[in-house]
Amino acid sequence: MARLSQAEVLRRYQAGERDFRGADLRSLRFRGATLAGADFSGADLRGTDFLEADLRGATFVGARFGMPWLRGLFVQGGIGLLVGLVAGSLLAFGITLIYLLLFDGTNSVSGRIGMPLTSIIALILVACQAGFAWEGFSAKGLNFLLLTVAGAFAVAVAVAVAGAGAGAGAGAVAVAVAV
């Protein structure tokens with residue numbers, strides 16, 4: 001069936017027609033309209049507004065719903081961009097705060113391992129964001145989070161031990177050179 005306008009659908013409905021199967025009704029507005037008993041089977045209803053419409057007994061078998069492709073792309077893309085900017089800003093603030101709270105920034109051993117350890121914490125946070133974005137707030141997402149944190153914790157411990165070992169080795173070499 002061809003593309004119909006809102007006025008055409010309402011005119012046909014008033015005239016007693018109820019068969020709108022396969023019609024192209026994209027982005028039309030039937031807000032508050034009475035379309036009880038109409039058959040919209042197989043119709044393209046993407047972006048169509050039926051808010052507060054009387055649809056008692058209406059049939060929608062095989063109808064296509066959702067946003068029109070281009071509008072959906074911009075809406076979802078804009079929301080994704082906004083969420084990404086907020087999450088990225090909070091992540092950067094959190095990483096900076098962790099570094100400033102845990103490490104004094106001097107040339108001490110804690111200052112030297114502070115940046116790699118903070119980088120690992122940042123990677124953990126980024127991996128958690130990616131995991132939740134990929135899996136959502138579900139059991140799979142939580143499992144991904146736990147595995148990521150456990151792996152990152154193991155890497156952080158290895159870096160801390162290596163840093164302490166390097167510091168101790170450098171101290172021993174300095175003592176040996178001084179003697």
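1. Let me start with a contact worth finding in your viewer: the side chain of D24 makes a polar contact with the side chain of R26, at 2.7 Å. D24 sits in the loop between α1 and α2. With a relative accessible area of 15%, D24 is below the 20% cut-off and therefore counts as buried. Please keep in mind throughout that this is a predicted model.

2. T48 is a good next stop, and it too is found in the loop between α1 and α2. Is T48 buried or exposed? Its relative accessibility is 15%, so T48 counts as buried. The side chain of T48 reaches the backbone oxygen of L25 at 2.5 Å. Leaving aside residues up to four places away in sequence, T48 touches L25, R26, S27, L28 and F30. R26 in that list is the partner of D24 in the polar contact described above.

3. Now for the aromatic residues. How many aromatic pairs does the structure hold? There are six. In one of them, the ring centres of F50 and F60 are 6.0 Å apart and the planes stand at 75 degrees, so the pair is edge-to-face. Both F50 and F60 lie in the loop between α1 and α2 (69–102), so their pairing ties together parts that are ten residues apart in sequence. F50 counts as buried because its relative accessibility is 15%, while F60, with a relative accessible area of 24%, is partly exposed.

4. F60 also forms an aromatic pair with F65. Here the centre-to-centre distance is 5.8 Å and the angle between the planes is 50 degrees, which makes the pair tilted. Taken further, ring pairs link F20, F30, F40, F50, F60 and F65 into a cluster. One member of that cluster, F30, is also among the residues that T48 touches.

5. Helix α1 covers residues 6–14, and V9, R12 and Y13 are its buried residues. Why do they line one face of the helix? Seen down the axis of α1, the buried residues fall within an arc of 100 degrees, so they share one face. The general geometry helps here: an α-helix has 3.6 residues a turn, so residues three or four places apart point the same way. On the face of α1 turned away from the buried side you will find the exposed residues A7 and Q14.

6. Two details belong with α1. The helix is followed by G16, whose phi is positive, near 105 degrees. In addition, R18 lies over the face of Y13, at 3.6 Å from the ring centre. Y13 is one of the buried residues of α1.

7. A couple of backbone angles deserve a look if you plan to go through the torsions. Most residues other than glycine have a negative phi. S27, however, has a positive phi of about 60 degrees although it is not a glycine. S27 lies in the loop between α1 and α2 and is partly exposed, with a relative accessible area of 42%. S27 is also one of the residues touched by T48.

8. E52 is the other case to look at: its phi is near 60 degrees, a positive value in a residue other than glycine. E52 is found in the loop between α1 and α2. At 69% relative accessibility, E52 counts as exposed.

9. Stepping back to the whole chain, what order do its elements take? From the N terminus on they run α-α-α-α, with four helices and zero strands in the protein chain. Of the 179 residues, 27% are buried. Among contacts between residues at least 6 apart in sequence, 15% join residues at least 24 apart.

10. Finally, a friendly word on confidence. The mean pLDDT of the protein chain is 74, and 49% of its residues reach 70 or more. Where is confidence lowest, and where is it highest? It is lowest in helix α4 (residues 139–178), at a mean of 62, and highest in α1, at 94. Where pLDDT is low, the predicted coordinates should not be read in detail.

Terms used: Residues are numbered from 1 along each chain as its sequence is written. This is a predicted model: local features need pLDDT of at least 70, side-chain atom pairs count only at pLDDT 80 or more; totals for chains, interfaces and linings use all residues. Side-chain values use heavy atoms; hydrogens and water are left out. Buried means under 20% relative accessible area, exposed over 50%, partly exposed in between (1.4 Å probe, protein chains only). The arc is that of the directions from the helix axis to the C-beta atoms. Rings of Phe, Tyr and Trp (its six-membered ring) pair if their centres lie within 6.5 Å; planes under 30 degrees apart count as stacked, over 60 as edge-to-face and the rest as tilted. A charge sits over a ring if NZ of Lys or CZ of Arg is within 6 Å of the ring centre and within 35 degrees of the ring normal. A polar contact is a pair of N or O atoms within 3.5 Å; within protein, one must be able to donate a hydrogen and the other to accept it, and residues adjacent in sequence count only if both atoms are side-chain atoms. Contact means heavy atoms within 4.5 Å. pLDDT is the predictor's confidence in each residue, from 0 to 100.
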